[in-house]
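Biologist: Before the bench work is planned, I should like to go through this protein with you. Please take me through its architecture step by step.

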Amino acid sequence: MFRRTATSSKERSFLHVIKLVSPFVMVVVLQATIAGFSLEVMSSVRAYVAGEAMWSRSQKNAVYFLNLYLHSGDPAQFAQYQTSLAVPIGDEYARWALERDPVDVELARIGLLQGGNHPDDVPGLIWLFRYFHQVSFFREAIREWAATDPMLLELSVFGEVIRGEVKNGPIGDSDRLQYLSSRLSELNRQFTGHATRFSTVLGEGSRTIKLTLTCLNITTAMTLILLLIWHTRRLVLQRQAFEDALRAEKDRLAFQASHDWLTGIANRRAFEARLQSELDGCSEGALSLILLDLDQFKSVNDSCGHLAGDRLLCQVAQLLQQGRRPDDLVARLGGDEFALILPQCAPYDAVNIAERLRLSLELFSFAWDGRCFAVTASIGVACIADGNTTREEAMRQADAACYRAKEKGRNRVQVDNGKPDVVVVAPRSREAVRA
């Protein structure tokens with residue numbers, strides 16, 4: 001059972017940790033995904049820009065070498081023309097393969113490699129075309145790319161025509177030579193126009209993608225920062241709430257440790273601590289102690305039950321609290337026994353306070369379940385006459401005075417000032433007390 005409980009506690013702790021870190025993990029994963037996606041897109045766009053440069057240059061070279069071959073008849077120049085022409089034709093085949101449904105990835109790969117693209121760039125080129133060919137700038141670039149297909153076909157046919165005419169020697173007809181040369185110049189001009197627009201569109205798209213991905217990465221980073229701030233604030237508030245709860249619990253425990261659970265006034269422990277503190281700092285005759293014992297508590301408890309007895313104790317505690325001075329301490333020592341500490345209180349004043357408390361109890365009537373009970377108390381007053389008096393001696397003084405009050409008939413105040421053979425009995429008349 002203990003092992004199962006420990007395992008369950010570990011699982012809850014683990015789940016709590018997962019719950020705390022999961023938002024950060026998700027944002028970090030999202031940030032990493034976006035960063036990886038950004039790198040892939042930018043790498044593929046870069047590959048297209050590089051491929052466009054080679055595609056454009058190869059078209060111009062094909063026209064250039066074919067024009068040289070037209071005038072010189074050198075087979076090496078025709079071979080260079082064929083090599084240059086193979087690059088845009090390979091790119092053309094790749095585009096056709098990617099525009100098929102379904103896409104012919106292998107043919108596209110072969111065409112892109114023939115187009116002079118680096119093998120590591122080929123997967124990115126295929127991926128970008130397949131999934132982004134409908135994006136506005138990319139669609140426009142493809143349109144410029146496809147517009148050169150008829151010109152490539154014408155250049156290819158034109159090359160075979162020139163080869164056939166030059167094979168037996170240089171062309172002697174100057175008008176024919178001029179026509180062929182002019183047509184090659186026109187093809188070059190058309191190629192250059194489309195290539196320029198292709199390059200311009202790719203450049204604008206590249207900048208747009210870079211700006212978009214940068215904003216997306218910044219937004220994700222800001223989200224992570226805001227999440228960190230929010231989570232840190234949440235942790236601070238949780239810690240503050242925990243500390244407040246802990247402080248409240250400490251205060252509650254401290255209150256319970258120093259107060260009577262039933263009446264809410266100080267308990268014996270708090271009473272003894274306060275009495276010791278007052279004895280340590282008092283001068284001779286500056287401290288008085290009152291011990292009060294209810295006379296009818298047992299009869300109320302026995303006839304009406306413990307609930308009635310508890311209610312009586314609470315009401316008596318309220319009466320004693322009302323009759324005390326601001327610096328006095330009222331405590332319940334246990335059962336029906338109460339005590340008061342009167343700092344800076346001379347014997348005569350202590351006797352008057354005790355008599356007022358006795359009279360207030362005498363005038364008080366406790367009602368329970370339709371029955372009324374008179375309440376009186378035997379009160380002992382100890383006047384500390386010696387600054388070296390210990391706590392135990394002070395308690396014995398007050399207890400002895402209270403015991404003598406009971407012996408003399410209860411409902412009275414008995415005073416002990418700590419001097420042998422000197423006993424002071426408080427005045428019993430209401431007029432004397434009021435005076």
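**Helix α10 and the cores**

Modeller: Let us begin with helix α10, in a model that is predicted. Its buried residues are A308, G309, L312, L313, V316, A317, L319 and L320.

Biologist: Which elements do the buried residues of α10 pack against?

Modeller: Residues such as L312 and V316 are among the buried residues of α10. The elements that the buried residues of α10 pack against are β1, α9, β2, β3, α11 and β4.

Biologist: What length does α10 reach from its first C-alpha to its last?

Modeller: The helix has 17 residues, and 1.5 Å a residue gives an expected 24 Å. The model is close to that expectation, with a reach of 24 Å.

Biologist: How many residues does α10 give to the largest nonpolar core?

Modeller: The largest nonpolar core has 37 residues, and those with the most contacts inside it are I290, L294, F338, F366 and V381. Elements giving two or more residues to this core include β1 (287–294), α9 (297–304), β3 (337–343) and α11 (347–363). The most comes from α10, and its contribution is seven residues.

Biologist: Which residues is F366 in contact with, leaving aside its neighbours within four places in sequence?

Modeller: F366 is among the residues with the most contacts inside the largest nonpolar core. Leaving aside neighbours within four places in sequence, the contacts of F366 are V300, A308, R311, L312, Q315, R371, C372, F373 and V375.

Biologist: How many residues are in the second, separate core?

Modeller: This second core includes V41, V45, F138 and L213. Its size is 26 residues.

**Strands and hairpins**

Biologist: Why is strand β2 largely enclosed by the rest of the structure?

Modeller: Strand β2 covers residues 329–334, which makes six residues to consider. It is largely enclosed because the number of these that are buried is five.

Biologist: Which residue in β3 is the bridge partner of L329?

Modeller: β2 and β3 pair in the antiparallel sense over five bridges. They form a hairpin with two residues between them, and G335 in the turn has a positive phi of about 55 degrees. Within β3, the bridge partner of L329 is I341.

Biologist: Which residue in β5 stands opposite W368?

Modeller: β4 and strand β5 (residues 371–374) pair in the antiparallel sense over four bridges. They form a hairpin with two residues between them, where D369 in the turn has a positive phi of about 55 degrees. Opposite W368 in β5 stands R371.

**Cysteines and helix α3**

Biologist: How many disulfides does the structure hold, and is C402 buried or exposed?

Modeller: The number of disulfides in the structure is zero. C314 is partly exposed, at a relative accessible area of 21%. The cut-off for burial is under 20%, so C402, at 5% relative accessibility, counts as buried.

Biologist: How far apart in space are L112 and R95, C-alpha to C-alpha?

Modeller: L112 lies in helix α3 (residues 105–114) and is buried, with a relative accessible area of 6%. Leaving aside neighbours within four places in sequence, its contacts include G90, D91 and A94. L112 and R95 are 17 residues apart in sequence, and their separation in space is 8.7 Å.

**The whole chain**

Biologist: What percentage of the residues in the protein chain is buried?

Modeller: The protein chain has 13 helices and eight strands. Its accessible surface comes to about 24,300 Å², of which 57% belongs to carbon and sulfur atoms. Of the 435 residues in the chain, the buried share is 40%.

Key
Residues are numbered from 1 along each chain as its sequence is written. This is a predicted model: local features need pLDDT of at least 70, side-chain atom pairs count only at pLDDT 80 or more; totals for chains, interfaces and linings use all residues. Side-chain values use heavy atoms; hydrogens and water are left out. Buried means under 20% relative accessible area, exposed over 50%, partly exposed in between (1.4 Å probe, protein chains only). Accessible areas come from the Shrake-Rupley method with a 1.4 Å probe; for residues, only the protein chains shown count as cover. A nonpolar core is a set of buried Ala, Val, Leu, Ile, Met, Phe, Trp, Tyr and Cys residues joined through side-chain atoms within 4.5 Å. Contact means heavy atoms within 4.5 Å. Two strands pair if DSSP finds at least two bridges between them. A disulfide is a pair of cysteine sulfur atoms within 2.5 Å. The expected span of a helix is 1.5 Å times one less than its number of residues.
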